[in-house]
Amino acid sequence: MPPYTWRSLVQRVRQLWRSSLQLRTVAITVFLSTIAVTIISGYMSISIATNLYEARKSQAIAEARQATVNTQLLFDNSVSSNGTIDVEAVNETAQRTILGSTSSPGGTQYAILRTPGQSTAVTMTPRRTSGLDETVISEPLRDQVSQDDGLLYTQAVSLEGDEGVDPGIVVGSVFEVPTAGQYELYLVYNVRDVQQTLDFVQQTLVIGSLLLVATIGLVTYLVTRLAINPVRVAAETAEKLADGQLEERIPVKGQDVIATLGRSFNRMADSLQRQITQLAALSRVQQRFVSDVSHELRTPLTTIRLAGDVLYEQRDQFSPTTARTAELLHAQIDRFEVMLADLLEMSRYDAGAVEIDTEPTNLVRLVEESLEAIRPLAEERGSELRLVAPGGYFEAEVESRRIRRILQNLLGNAVDHGEGRPIVVYVDSDREAVAIAVRDYGVGMDALQLERVFDRFWRADPSRQRTTGGTGLGLAIATEDAQLHGGNIDVWSVPGEGTCFRLTLPRESGASVDHSPIDLPPVDPLEPVLETAAGDDDA
């Protein structure tokens, strides 16, 4: 499998793990259950094996003790009245006596060995079962048995069998042969039956453990499904409500906690639907009111404009007080017209009746034109205008009228709040997006002001003398224009360090942007010089 396929598979598994609570619950439960069952099964297997071995060992010791006693009696009873004994004949008979003392003569082997280091008048020939490998009787075991302390000694061994290696037990004891000295009796038991029993028990434990873990996993899956399915339905319903499908509700069955949750959720959704419907209706009424008032004001405003222009043109013929009144009337009519135009524009945005006609536009040239338009006002306020355009894909599909309106608003705000310090405009782009940033080094804004800077009819400083209008709708309209192009406007500001507005637009109409070619605030190699100049101005 190619590496990228493995990576894709791992990513899908990670995503499924993060997104599925049911999968995590079942997996963790099965994992912990497997550990617990393994520990319990292992303990049971070891305990059963120990008990089986000890029971078989106790049985072997008992049989070996009985065989030793019987063999000793056989030899003692075989001594004639004159004190003689045919040890070889008795040795032959001892084989049947020894095997007759065991519960499974066919599966038991024995060996009669002379204890080394003896000097007697008669020596009995050692005997062993045919096929017995005497190497299973180790020297340490023989040393223990030869001590003749009345105890029986055992040793676990491995026996070669027809089907492989079988486990076995060797039990050693001693007896006295008249006239022949001390001999050692070793019984070798094949405990393959115990091993087979243990294998069956362990196999049963493994199968039972697997079935138990599988059952726990299945039960956990069913239980979590019963618990999580209502939560999933509630999440899906909430998503639909968030998407505007206010009529969606959770199906409710029964009287349990989940049903109570569903009914509470539905009541909440009903309440939200009523409130949203009321707010939507109120919003439509407000939008309609603003639109109707704005349109109705155009006719009287036109008449007032004509009358005001007549008075303004003839102000030289009036007294100074009347002439000043005519000038104020003319200025306020201009401001009223700007405000009315902004209100009409906002009403069109609220009604969703705004469309754009885009064409390839060189934004650097558009910025240069906007700078030239604002330059007289900037020079009047003592602000130097500077353009930084490092080069790139400066053409973008935009409606130049709306972008020019955004620039005029941002540049006007920079001049108003720049405190006569330099104003720098940055233009940069990449293959997907183009950005324009307007940076001033004026008073700046605090965090509370930044939160409201794009609100309608809000001003950062209502008491400030505004030369470029001041309806409080400029940034709201600029934001709508940017979003209409699929872009956005971001702002950075620090009190005493200035403000920077950044406009980011996609280069192609209909696209969207998730990054900006310009940092916020932008990094300007000449910025230390500007800050020094600003510090000199303050001094």
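**Strand S1 and its sheet**

Colleague: In S2, which residue is the bridge partner of Ile112?

Modeller: This is a predicted model, in which local features need pLDDT of at least 70, side-chain atom pairs count only at pLDDT 80 or more, and totals for chains, interfaces and linings use all residues. Residues are numbered from 1 along each chain as its sequence is written, and side-chain values use heavy atoms, with hydrogens and water left out. Strands here are DSSP runs of E with at least two residues, helices runs of H or I with at least four, both numbered from the N terminus. S1 and S2 (residues 127–128) pair antiparallel over two bridges, where pairing requires at least two DSSP bridges. Ala111 has Arg128 as its partner in S2, and the partner of Ile112 there is Arg127.

Colleague: Which residue of S5 stands opposite Ile112?

Modeller: S1 is joined to S5 (residues 181–190) by seven bridges, and the two run antiparallel. Opposite Ile112 in S5 stands Leu185.

Colleague: Why is one side of S2 and of S3 left without a neighbour in the sheet?

Modeller: The open sheet has five strands in the order S2-S1-S5-S4-S3, paired antiparallel. S2 and S3 (153–161) each have a single partner strand, so one side of each lacks a neighbour in the sheet: both stand at the edges.

Colleague: How many residues of S1 are buried?

Modeller: Buried denotes under 20% relative accessible area, with a 1.4 Å probe and protein chains only. S1 spans residues 108–114 and is mostly covered. Of its seven residues, the number buried is six.

Notes: Buried < 20%, exposed > 50% of the residue type's maximum accessible area, 1.4 Å probe, protein only.
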